[in-house]
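User: Please walk me through this model by question and answer. Keep it brisk.

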Amino acid sequence: MSDTAAATPTTDERLAYRSVFQRVFVRPEVGGMIGAIGIWTFFWAVSETFGTVGQTFGWLDIAATLGIMAVAVSMLMIGGEFDLSSGAMTGAMGMLIIYMVKETGETGGWGLPLVVAIPLSLAVALGIGYLNGYMVERTGQPSFIITLATFFALRGLKLGLAKREVQQIQMARTDEATDFDLFRPFFAAEWARNDHQFELRDFTFITLIVLAFAIVILGISELWFKRNESLKSAGLVQFLAGIVLGVAGGVAMHLTDGVAANIAAAAAIAVGVLVGVNGWASWRYEPIADRGKLEIREDLKRRLAIGVGLVVVGAIFAVIIDSSSKRDVFFPFTTQGIRAILFVGFVAAGLTVLAMASQGALSINPATKFAVTSIMALAVVFVALTIFVDSESAKFRAAFFSVVMFVALVLFAWATIVSRFTERRHPDRQSDRLGARMLVAAALLLAVGMATRLLFTIDAEILAGIPPAKTSVRLLWFFVFAAVLVWVLANTKFGSWTYAVGGNKEAARQVGVPAARTKTQLFMLVSFAAWLVGLLIAFRINSIQANVGDGEEFEFIIAAVVGGTLLTGGYGTAFGGAIGAVIMAMPLLGIAAARWNTDWRWLFIGVILALAVIANKFIRDKAEGIRR
Amino acid sequence: MKRLKYLLAMLLAFSMVAAACGDSSDGDDSSDGETSETTEAEVDLTQGSDLTFHVITHSDDGPFWTVVKNGADAAAADLGITVVWKPGVNDAQTMVQDIEAAVAEGSDGIGASLPDPDALVGPLQAAVAAGTPVITLNSGSNDYQEIGALTHVGQSEFVAGQGAGNRFNDAGATKVLCAFQEQGNIGLSERCEGLSDSFSGEVVAEFMGLDADTTEQQNTINAALAADGDIDGVLGVGPVITMSALRAAQDLGRVITIGGFDMTPELLAAIEAGDVAFTVDQQQYLQGYLTVLFLYLNVTNQNTVGGGLPVLTGPGFVTPDNAAAVVSLSEQGTR
Amino acid sequence: MTPPLLELEDISKYYGNIIALTDVTTSVNAGEVTCVLGDNGAGKSTFIKILAGVHEPTEGTIKMNGETVSFTSPRASLDAGIATVYQDLAMVPMMSVWRNFFLGSEPTNGLRIDKKKAKALAKEEMSKMGIDIRDTEQPVGTLSGGERQSVAIARAVYFGAKVLILDEPTSALGVKQSGVVLKYIIAARDRGLGVIFITHNPHHAYPVGDRFMILNRGKSMGNFAKAELPRDELVRMMAGGAELDQLTHEIEQA
């Protein structure tokens with residue numbers, strides 16, 4: 001279910017060997033991550049500001065509270081239940097905490113210190129969760145109905161008690177707590193980026209990113225290729241030389257300025273990557289004895305022509321259509337939009353055809369494969385140059401150009417090794433484990449690299465007067481909470497039982513799983529999350545309106561579904577819930593950042609939900625091996 | 001024609017602002033007086049006039065209606081009569097029942113809000129036909145004449161938006177984001193339309209997230225402000241979204257004139273601190289107080305108010321200058 | 001002579017005025033298979049429920065190793081060492097084989113499930129039973145019906161069942177798959193379990209059974225040792241016996 005990516009523990013000879021892509025892409029989290037990257041790229045392209053640090057913190061901030069809930073709700077849904085009171089509960093818990101710490105008086109609260117109020121309110125939250133679980137188990141009614149009752153009750157209590165006790169429809173002033181300053185850092189500490197300088201930031205970022213991608217290539221190689229009987233130390237030397245060259249290129253890029261110097265440095269990095277990757281491969285993997293002769297057959301020739309043709313047509317559209325015009329051609333497209341759609345559409349179609357050609361070439365011989373894949377890499381370089389030449393926007397000319405060039409480099413590096421080394425056709429547990437670990441390590445490096453880029457500023461930026469950006473400790477709560485639940489779900493009895501009670505409750509009960517208790521604990525987990533979110537909001541805005549959170553429960557459920565959790569229970573991951581929250585948060589902010597008419601935003605959310613459901617079904621069918 | 005209407009409306013608005021100042025101090029007096037002997041003395045004076053008015057509203061939500069109720073209660077106490085307060089739950093059917101019940105009980109006068117004219121005009125016409133004087137309050141400015149009501153006591157959202165627009169003109173803003181927190185709400189749209197009407201610069205009206213999720217509101221407004229560097233003013237058409245706009249502007253470190261609608265303690269504090277330029281106050285205390293007072297004067301003295309036009313209770317403005325005073329009044333539940 | 005592992009004496013079960021079972025007597029010894037045969041409505045499922053602790057018998061006694069016992073709940077029955085594999089298997093289709101195998105009794109290292117151990121054990125235990133699962137990571141839903149039965153049987157054996165009750169394990173299976181399941185029944189028997197094999201198919205029962213009890217309309221038509229009962233006789237009794245003779249007669253006359 002959620003074990004390491006490609007670990008196939010048993011090496012039974014009858015096990016059909018599944019290709020790396022089959023093994024990796026069949027996982028629901030991977031699908032979600034690709035979706036998230038797609039949506040990010042989309043908004044990054046259409047908005048001037050979406051990619052900035054400030055806005056990144058913005059959608060992460062939305063994703064944090066949404067994600068804390070979505071992760072817990074995902075687990076409850078895997079356990080086969082819903083909690084419609086989860087949204088209202090976030091506000092209710094926040095109000096409760098504020099009421100507890102509010103100064104006493106006619107329209108006051110209990111005047112408790114937070115050190116008492118925090119555990120006390122947590123106890124209340126868990127009590128509500130317990131009650132939800134107890135009622136569902138006792139009555140045997142669908143949790144949809146039971147928690148709907150809780151939802152209405154909470155909604156009424158929030159308003160009724162607030163008006164009765166403090167004569168307002170809100171509960172205000174968390175900071176009246178005597179020990180507010182003591183707890184503030186834990187729930188509302190902020191990180192102002194402009195206060196934290198780190199001059200080596202970009203160097204660290206680029207180094208880590210390049211390193212991470214190199215490790216991704218090597219990790220996939222480990223999953224892909226057949227190991228040598230013995231290691232070839234010459235390859236190791238070449239590998240190390242490649243690293244030295246690449247790092248030297250990075251340092252040069254950091255230290256020098258000017259076009260010529262940058263091109264030289266980039267070339268050094270490129271050569272370094274190529275040499276290193278090939279070195280690694282010849283160190284570890286079995287070379288192909290006979291690479292065959294280049295042989296472009298008729299159908300292959302046609303595919304290449306069509307693919308290259310489509311890419312060129314896309315580029316022509318980009319050049320001839322006036323990009324500065326924002327005139328509406330026909331609703332909802334502007335000239336600019338049509339240009340982007342034509343360019344992206346034709347280029348994507350062209351590259352897809354080329355990828356198919358590359359796939360087809362595999363069946364001819366390695367030499368042909370190399371040639372075709374190289375042509376594809378060249379097409380990508382062509383696309384990068386088109387963007388560079390014909391784009392007004394600095395972000396496309398600089399950042400996107402570099403990224404596309406890097407993609408071309410990776411493609412070419414892959415072409416060189418895939419045509420020189422033997423593909424593994426049998427499971428190899430040791431290699432699988434190493435490969436999976438390398439992929440995880442790469443993901444961590446990526447995360448650290450991006451965090452460095454996000455959290456620190458440099459002199460140049462401050463001189464340029466970039467707007468301040470800040471993030472808060474709630475992001476950390478989100479990551480920690482999600483990480484803990486991901487671990488719990490994959491590795492503990494409780495996690496196993498969660499899947500079991502959602503998948504087939506009667507069966508679980510028959511083999512001695514305490515089904516009622518497990519479900520009740522899941523409800524309590526959701527109310528714990530609601531309590532945490534309530535606490536975070538109470539510390540952020542110091543006052544909570546009686547309607548805070550009402551209606552949000554559906555966003556949590558949507559996030560869980562987008563993240564691959566099955567509405568009927570028994571299937572999904574906690575990580576998926578976190579990714580789902582990110583996918584939901586990005587358009588919420590992105591639509592405003594793109595300056596689109598916000599009337600359309602629910603349409604966008606609807607389309608995302610529909611696409612996610614279709615994609616998830618596809619992935620799940622693959623995972624279950626259902627043939628239709 | 002349209003221009004004439006506009007002028008008239010403005011005239012009324014300003015006259016009511018002036019009136020409002022006086023009235024609110026009256027309200028202040030009365031609430032002070034409740035604990036003293038004055039109330040008893042007044043009760044003595046009006047003994048015998050055992051009038052009962054029904055005030056039937058569509059919502060019980062929020063501090064807003066509490067203040068309306070306080071106004072109606074204060075008027076009842078001042079006049080020595082009985083006011084039956086019937087708060088609704090945004091359900092026209094319940095209101096229809098309450099109206100019919102009031103008529104059946106022989107109510108001496110009905111004040112009603114009119115969120116759903118289609119459902120409520122009929123029953124109120126019947127009440128008028130039965131000889132019960134009716135005043136619409138808060139909502140119903142388009143239909144009170146059809147009902148045959150004495151007048152309408154309320155704020156015109158459009159006029160209130162215009163008032164906000166003039167404030168932004170005074171502040172020298174050039175492009176204002178009208179941030180609303182609910183899609184498809186006519187009242188909120190009218191506030192933005194009023195702003196567009198009177199504001200000399202450009203206005204963009206956009207949905208910026210529900211009040212239920214302030215995190216989303218704050219970050220969405222932040223995104224809109226960051227993406228459009230020309231925006232130098234934000235009008236939040238509710239108090240919660242106004243505070244979200246303030247946090248967003250502070251996060252960005254931009255100098256932005258922020259105006260709001262209605263009041264919460266936080267918003268008042270922010271105005272007092274000078275972070276928010278103003279908030280539009282519809283002085284809903286008046287909607288309760290004046291409705292009862294007008295009904296009373298009509299019943300006892302055959303007076304009519306408004307001359308066929310609605311009586312506007314707003315817009316009143318809370319600015320850093322008067323915020324402190326409003327804060328203390330709002331603590332008493334009259335603002 | 002040691003008393004039988006499990007013994008039922010004059011078991012009757014009434015649901016209100018409906019008589020589901022009357023005076024049923026049978027037994028199973030360790031290392032033997034007792035087949036309970038009966039057509040639909042013969043009382044097989046009531047019989048299973050009594051043994052599984054879902055229902056208590058109205059009359060009669062159940063003895064284990066000669067001592068009278070009473071099963072007040074499924075748990076009590078399970079604790080006494082009686083494992084029931086229902087027709088609608090106690091399996092979670094979307095969970096992997098090893099998770100299903102250990103569901104409810106996962107081996108742990110502190111908080112963490114010892115996955116390595118669990119996978120290895122599941123594989124080993126199943127191979128002991130002669131079951132060869134390709135990959136313990138694969139979801140149970142992707143297994144064939146016979147394979148699923150075998151996982152359930154192996155699980156019951158591993159968790160120390162003394163008596164294994166199988167409810168129509170072959171009824172939904174094809175010929176080949178049924179044969180596979182019968183093999184597992186024998187494997188369980190050879191490991192010293194008492195197996196109660198409930199079926200309506202005499203052709204499946206006869207090769208594996210040591211003892212046969214035939215139910216008809218809630219009544220036992222008798223207990224037979226294999227030696228006393230030729231296959232044809234069993235088939236004839238199951239096919240309706242005298243009733244079928246009558247039917248044949250009628251058809252021939254017509």
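Analyst: Accessible areas come from the Shrake-Rupley method with a 1.4 Å probe, and for residues only the protein chains shown count as cover. This is a predicted model, in which local features need pLDDT of at least 70 and side-chain atom pairs count only at pLDDT 80 or more, while totals for chains, interfaces and linings use all residues. Residues are numbered from 1 along each chain as its sequence is written, chains are lettered from A and ligands numbered from 1 in the order in which they are written, and side-chain values use heavy atoms, with hydrogens and water left out.

User: What share of the accessible surface of chain A belongs to carbon and sulfur atoms?

Analyst: The accessible surface of chain A totals about 27,800 Å². Carbon and sulfur atoms hold 69%.

User: How many helices and strands does chain A have, and what is its radius of gyration?

Analyst: Helices (H or I, at least four residues) and strands (E, at least two) are DSSP runs, numbered from the N terminus. Chain A has 23 helices and 6 strands. The globule rule (2.2 Å times the number of residues to the power 0.38, with the radius taken over C-alpha atoms) gives 25 Å for the 628 residues of chain A, so the chain is as compact as a globular protein of that length, with a radius of gyration of 27 Å.

User: Which share of contacts in chain A between residues at least 6 apart joins residues at least 24 apart?

Analyst: Contact means heavy atoms within 4.5 Å. Among contacts in chain A between residues at least 6 apart in sequence, the share joining residues at least 24 apart is 80%.

User: Is Arg193(A) buried or exposed?

Analyst: Arg193(A) sits in the loop between β2 (190-192) and α8 (201-224) of chain A. Buried means under 20% relative accessible area, exposed over 50%, and partly exposed in between (1.4 Å probe, protein chains only). Because its relative accessibility is 1%, Arg193(A) counts as buried.

User: Which backbone oxygen lies 2.7 Å from a polar atom of the side chain of Arg193(A)?

Analyst: Beyond four places in sequence, the contacts of Arg193(A) include Val53(A), Phe57(A), Glu461(A) and Ile466(A). Its side chain also reaches the backbone oxygen of Phe456(A) at 3.0 Å. The partner at 2.7 Å is the backbone oxygen of Leu454(A).

User: What is the radius of gyration of chain C?

Analyst: Chain C has 9 helices and 12 strands. Its C-alpha trace spans about 70 × 40 × 40 Å along the principal axes. A compact globule of 254 residues would have a radius of gyration near 18 Å, which agrees with the value for chain C, 19 Å.

User: How much of chain C is buried?

Analyst: Chain C exposes about 11,200 Å², with 51% supplied by carbon and sulfur atoms. Of its 254 residues, the buried portion is 52%.

User: Which chains make the most contacts with each other?

Analyst: Chain B and chain C share no contact, and their closest C-alpha atoms lie 36 Å apart. Of the 2 pairs of chains that touch, the one with the most contacts is chains A and C.

User: Which backbone oxygen does the side chain of Arg99(C) reach at 2.9 Å?

Analyst: Arg99(C) belongs to helix α3 (residues 97-102) of chain C. At 1% relative accessibility, Arg99(C) counts as buried. Its side chain reaches into chain A, to the backbone oxygen of Ala490(A).

Methods
Polar contact = N/O pair within 3.5 Å; in protein donor to acceptor, adjacent residues only side chain to side chain.
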